[in-house]
Structure formats: structure tokens, C-alpha cells
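Here is a report on the fold and the side-chain contacts of one protein chain. Please keep the sequence and the 3D view open while reading.

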Amino acid sequence: MKRFMGTIVVAGILATGCVSQKKYDALQAQLDATTRAMQTQIDDRDARIVDAEQALAGERQKVDQLNRRIEELGRRLTKAEADRVTLEQERAGLQEQLAETVRDKSKLKGSIEEMKEALADLKARKAAAEARIAEFRSLLDRFKPLIDTGKLKVKMVDGRMVVAMATDVLFTSGSAALSQEGKDAIVEVAGLLAAMEGRRFQIEGHTDDVPIRTAKFNSNWELASARATNVVKAMIDGGLPPQRVSAASFGEYKPTASNETKEDRGLNRRIEIVLVPDLDSLPGFDELKRMSEAGGDS
């Protein structure tokens, strides 16, 4: 278009007749050169526009990719935050489980210690029970000849080993004086008891519930007390050390039978030789001793 206009301009100049052919040719050549230069510039511009558009399209692609990347990173960040919250909750749960485990371990340790103590106590009780059984068997063996003749019985009463002798063999009715046969039996028993080293004995007097009131005894309790004391004296005379024996009276207040028949009343009239338990050997004695000492210091 510009080339055509330039041609028209040159033609107009020529038409006026004012310009020579030579000058016209020069002007035409200059116009052509200018037109070419302008066309080159236009082509360069168009090429740059194309390049710019291509570059812009590439940048847009990069922007789209970046936006997609940002969106992906946003999703990952959201997921990571959710995972972090979940992990924090799991960590808190694990910490609570750990704390519970520590508490359980402490309780278990305490339980184990208690079980050990209980087991040790059980073993001690078992050993004490076995020792008592062995001692009871030994007592039966010692008194077997007297048991076989019916002079006494060996039994367990309230957890204590007891040698029971009927007073009808030892005393006459209403009397606390030992018969000769009674003295002989008591001396024989004393010899067997003296051989049981380290053991102490309590002689208990018992009667039936038939009341007694004489010039010497105002009650069954006093009669039973006098009989127990006389048995102790006879035992000491028979060789039993006095520091190992004592006397007690229950009168009619600790019957072994109903007192409803003659036979039952005969069973209630008795002398019982009780083997005093050795508390030092019983389970828990050390603890009881510490408690008593602490109480005495307060």
C-alpha cells in the first residue's frame, strides 16, 4: 500500500513536469529503498510479535503448570496438616498408654512384691503347720503307752495341743488331793514333758456344772484351781522345771460335753495339760513385736 502511494506521489510530480527523468528515477529508487526498509521493519515487527505471542503462550503454560503445582502442593499441605493432627492425636494416645503402662508396671511390681510376701508368709505358715503336725505326732508317740491304757488323751483344742486326763482317776469327788494312782500318773507325764526341751505348759482345771459349796471350796472354780495347782506341784516334784509350767482354772465354764448325762459330766471333769504355743515361731510375730515396741515407745 505504501509502495503504491509512493508511486502515485512520484507520478504526480512527474505529471507537473517539474522533475527530470533522472531525478525521478533517483526518487523512485529512494522510495523503493524506503519501502523495502519499512517492509523489513514490518516483517521484523510481525516476527517479534509472533515470537512474543509464542513466548507468552509458553509463559502461560508455565503459569498454568505453576498453578497446578501450587494446587497440588496445597492439597499435600492440607493432607500433611491432617496427618500431623492425626499423628499428634496418636502421640497423645501413645503417651497415655505409656503412662498407663508405667502405672500398671508399678502396680504389677507392687503386686509381685505383695505376692512374694504372701508366698513367703504362706511358706512360713506351711512350715509352721508342718512343724506343729510333726510335734503333734511326736506327742502322740511319747504318750502312746498312757493313751493305750486310757489314762489320758491327746487332742487339738482351739489350735493348741492338749493332753487331757480325767480327774476321776486323779482325785476323789469334791477333793483337790491327788490319789496315789493320780500322783504316779502325773509324775510319769511330767517326765515325758520335761524331755520336750524349750516347751512350756499350762495346767488347766475343769469341772462339770454340778454346784459345790464346802468348807474348803465355795465354787467349782476354786476346786478346779486347787486341783490344777496340785498337779503343777506334782509335776515339779516329778522333775519338770517350775519356770516351764503354770496353773489356770476354768471351773465349769469351758465344758467339752453337754453335762446332760453322767457320762458327759465325767468328760467335763478333767485336767488339761496345754502346750503353750511358741509365738516367736508363728508367722507375723516379728511384725507384731515391732508394733508392740512402737506402741510402748509412744
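The report goes from the overall layout to the sheet, then to the helices and the charged side chains.

## Overall layout

This is a predicted model. The chain holds seven helices and five strands. Read from the N terminus, the order of elements is α-α-β-β-α-α-β-α-β-α-β-α. The chain has 298 residues, and 24% of them count as buried. Take the contacts between residues at least 6 apart in sequence: 68% of these join residues at least 24 apart.

## The sheet

How are the five strands ordered in the sheet? The order is 1-2-5-3-4. The sheet is open, and its pairing is mixed. Strand 1 (153-157) and strand 4 (245-251) form the edges, and each of them pairs on one side only. On average, neighbouring strands are turned by 30° against each other, direction ignored.

Strands of a sheet can pair in a parallel or an antiparallel way, through backbone hydrogen bonds. Both kinds occur here. Strand 5 runs antiparallel to strand 3, and six bridges join the two. Strand 5 also pairs with strand 2 in the antiparallel sense, over five bridges. Strand 3 and strand 4 are parallel, again with six bridges.

Three facing pairs help to find these strand contacts in the viewer. Phe201 stands opposite Leu275 of strand 5. Val162 faces Val274, also in strand 5. Ile203 lies opposite Ala247 of strand 4.

## Burial in the sheet

Is strand 5 mostly covered or mostly open? Strand 5 is mostly covered, with six of its six residues buried. In a regular strand, side chains alternate between the two faces of the sheet. In strand 5 both faces are covered. Arg270, Glu272 and Val274 are buried on one side. Ile271, Ile273 and Leu275 are buried on the other.

Strand 3 (residues 201-206) pairs with strand 5. Strand 3 has five of its six residues buried, so it is largely enclosed by the rest of the structure.

## Helices on the sheet

Helix 2 (residues 21-148) packs on the sheet. Helix 2 touches strand 1, strand 2 (160-166) and strand 5. Its direction makes about 150° with that of strand 1.

Helix 5 (residues 220-237) lies across strand 3, strand 4 and strand 5. Helix 5 runs at about 160° to strand 4. Strand 5 is thus named among the contacts of helix 2, and helix 5 lies across it as well.

## Charged side chains

A search of the whole structure gives 18 salt bridges. Three of them are listed here.

| Salt bridge | N to O distance |
|---|---|
| Arg45 and Asp46 | 3.2 Å |
| Arg91 and Glu88 | 2.9 Å |
| Lys155 and Glu272 | 3.8 Å |

Start with Arg45 and Asp46, whose side chains meet in a salt bridge. Arg45 is partly exposed because its relative accessibility is 44%. Asp46 is partly exposed too, at 33%.

Next come Arg91 and Glu88. They are three residues apart in helix 2, so about one helical turn separates them. Arg91 is partly exposed, with a relative accessible area of 43%. Glu88 is partly exposed at 36%.

Which parts of the chain does the pair of Glu272 and Lys155 tie together? Glu272 lies in strand 5 and Lys155 in strand 1, so the salt bridge ties together parts that are 117 residues apart in sequence. Glu272 counts as buried because its relative accessibility is 3%, and buried means under 20%. Lys155 is partly exposed, at 25%.

Some salt bridges share partners. Glu72, Arg75 and Arg76 are joined in this way into one network.

## Rings

How many aromatic pairs are counted? The count comes to zero. One ring does have a charge over its face: Lys254 lies over Phe250, at 4.8 Å from the ring centre.

## In brief

Strand 5 pairs with strand 3 and with strand 2. Its residues are buried, six of six. One of them, Glu272, forms a salt bridge with Lys155.

Methods:
Residues numbered from 1 in each chain as written. Predicted model: local features only at pLDDT ≥ 70, side-chain atom pairs only at ≥ 80, totals over all residues. Heavy atoms only, no water. Pairing = 2+ DSSP bridges. Helix = DSSP H or I, 4+ residues; strand = E, 2+ residues; numbered from the N terminus. Axes fitted to C-alpha atoms, helices over the stretch in contact; angles between N-to-C directions. Contact = heavy atoms within 4.5 Å. Buried < 20%, exposed > 50% of the residue type's maximum accessible area, 1.4 Å probe, protein only. Salt bridge = Lys/Arg side-chain N within 4 Å of Asp/Glu carboxyl O. Phe/Tyr/Trp six-rings, centres within 6.5 Å; stacked < 30°, edge-to-face > 60°. Lys NZ or Arg CZ within 6 Å of the ring centre and 35° of its normal.
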